[in-house]
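User: Could you take a close look at the ligand site in this one and walk me through what surrounds the ligand?

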Amino acid sequence: MWYTEQQTPHFGITAKLKETLHTETTSYQELAMLDTLEWGRMLVLDGCVMTTDRDEFIYHEMIVHIALSAHPNPQKVLVVGGGDGGVIREVLKHPTVELAVLAEIDDRVIEVAKEYLPQISVALDDARARVEVGDGIAHVQEHPGEYDIIIVDSTDPIGPAVGLFAKSFYESIYHGLKPDGMFVAQSESPFFNGDLIRGVQADVRSLFPITGLYLASIPTYPSGLWSFTIGSKTYDPQVIADQARSASLVTKYYTPELHRSAFELPRFVGELLK
Ligand code: SPD
């Protein structure tokens with residue numbers, strides 16, 4: 001048995017399965033938990049690989065530690081999406097964080113991750129984590145000026161995630177942040193989603209005084225090259241604010257040295273920003 005994610009109309013990636021552990025149609029999307037021979041357990045939503053046991057650390061560390069290390073004192077953090085819990089796990093590695101709120105629209109993602117991905121969802125029951133099942137866009141709008149950091153750990157821009165790539169949402173995020181707040185969102189593949197990245201960057205640049213794009217290599221995501229977009233009100237996201245805190249993080253991909261280099265863009269990616 002093989003599972004194929006069709007990443008473009010003409011290309012896909014395929015993994016050999018040990019077994020299918022779980023499938024269901026939730027109120028929002030098609031959910032599958034697969035056990036693969038190469039990547040371990042794999043969470044698939046609407047036919048797209050969200051995370052796997054073997055390479056999840058790259059995405060989760062890189063969507064979190066750049067922004068949190070660039071902020072001198074991140075205390076209150078919101079994660080929109082991210083029901084598998086990997087982002088919350090990384091956020092709570094920062095001792096400054098007092099509260100990490102997860103706003104996930106689909107409670108089934110949370111429950112299935114707790115059952116099948118224990119090392120990813122491990123921190124969802126932490127005393128500093130608060131899980132709210134509901135619309136992340138509404139949550140942001142209802143909490144103006146509250147957060148030091150907002151992280152958008154969305155699915156791909158189809159189905160329930162479409163609104164998470166809209167300029168109106170970035171505007172709400174701007175208002176949801178404190179005066180020195182910062183936000184980061186996963187912004188897809190430079191190979192396959194160049195137009196989307198260009199649009200997201202333009203929207204964020206029109207709202208935030210400081211913007212950035214950085215990259216990480218994620219083998220099970222389309223093209224293996226993944227981008228993250230940052231908008232910041234005050235702090236330069238390329239500069240680590242607290243070297244000691246950043247250096248003491250226990251990670252497998254992120255390092256303080258890699259922090260700055262992640263913003264060094266291949267020419268064809270840099271051109272998306274012009
Ligand atoms: N094409 C995959 C994009 C998935 C981004 N979100 C992943 C969720 C993991 N916490």
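Analyst: Sure, with the caveat that this is a predicted model. The ligand takes up the space of the largest pocket. Two elements each give two or more residues to the shell around it: strand E5 (48-52) and helix H1 (56-70). The full shell reads Val49, Met50, Tyr59, His60, Asp84, Asp153, Ser154, Asp156, Gln186, Tyr221, Pro222 and Trp226. By character, that splits into six nonpolar, three polar and three charged residues.

Now for the polar side of things. Asp84 has a side-chain N or O atom 2.6 Å from a nitrogen atom of the ligand. With Asp153, a side-chain N or O atom and a ligand nitrogen are 2.7 Å apart. Tyr59 joins in too, with a polar side-chain atom 3.2 Å from a nitrogen atom of the ligand. As for how buried the ligand ends up, the protein covers 98% of the 340 Å² of accessible area that the ligand has on its own.

Helix H1 is worth following a bit further, beyond the ligand. Glu56 pairs with Arg89 in a side-chain salt bridge, at 2.8 Å from N to O. Glu56 sits in helix H1 and Arg89 in helix H2 (residues 86-91), so this pair ties together parts that are 33 residues apart in sequence. If you're tallying ion pairs, the count comes to 12 salt bridges, going by a side-chain nitrogen of Lys or Arg within 4 Å of a carboxyl oxygen of Asp or Glu.

Methods: Residues are numbered from 1 along each chain as its sequence is written. This is a predicted model: local features need pLDDT of at least 70, side-chain atom pairs count only at pLDDT 80 or more; totals for chains, interfaces and linings use all residues. Side-chain values use heavy atoms; hydrogens and water are left out. A residue is near a molecule or strand if one of its heavy atoms lies within 4 Å of it. A polar contact is a pair of N or O atoms within 3.5 Å; within protein, one must be able to donate a hydrogen and the other to accept it, and residues adjacent in sequence count only if both atoms are side-chain atoms. Accessible areas come from the Shrake-Rupley method with a 1.4 Å probe; for residues, only the protein chains shown count as cover. On a 1 Å grid over the protein atoms alone, a cavity is a set of points where a 1.4 Å probe fits but cannot get out, and a pocket is an open set with protein on both sides within 12 Å along at least five of seven lines; lining residues have an atom within 4 Å of a point. A molecule sits in a cavity or pocket if more than half of its atoms lie within 2 Å of its grid points. Helices (H or I, at least four residues) and strands (E, at least two) are DSSP runs, numbered from the N terminus. Ala, Val, Leu, Ile, Met, Phe, Trp, Tyr, Cys and Pro count as nonpolar, Asp, Glu, Lys and Arg as charged, and the others, Gly among them, as polar.
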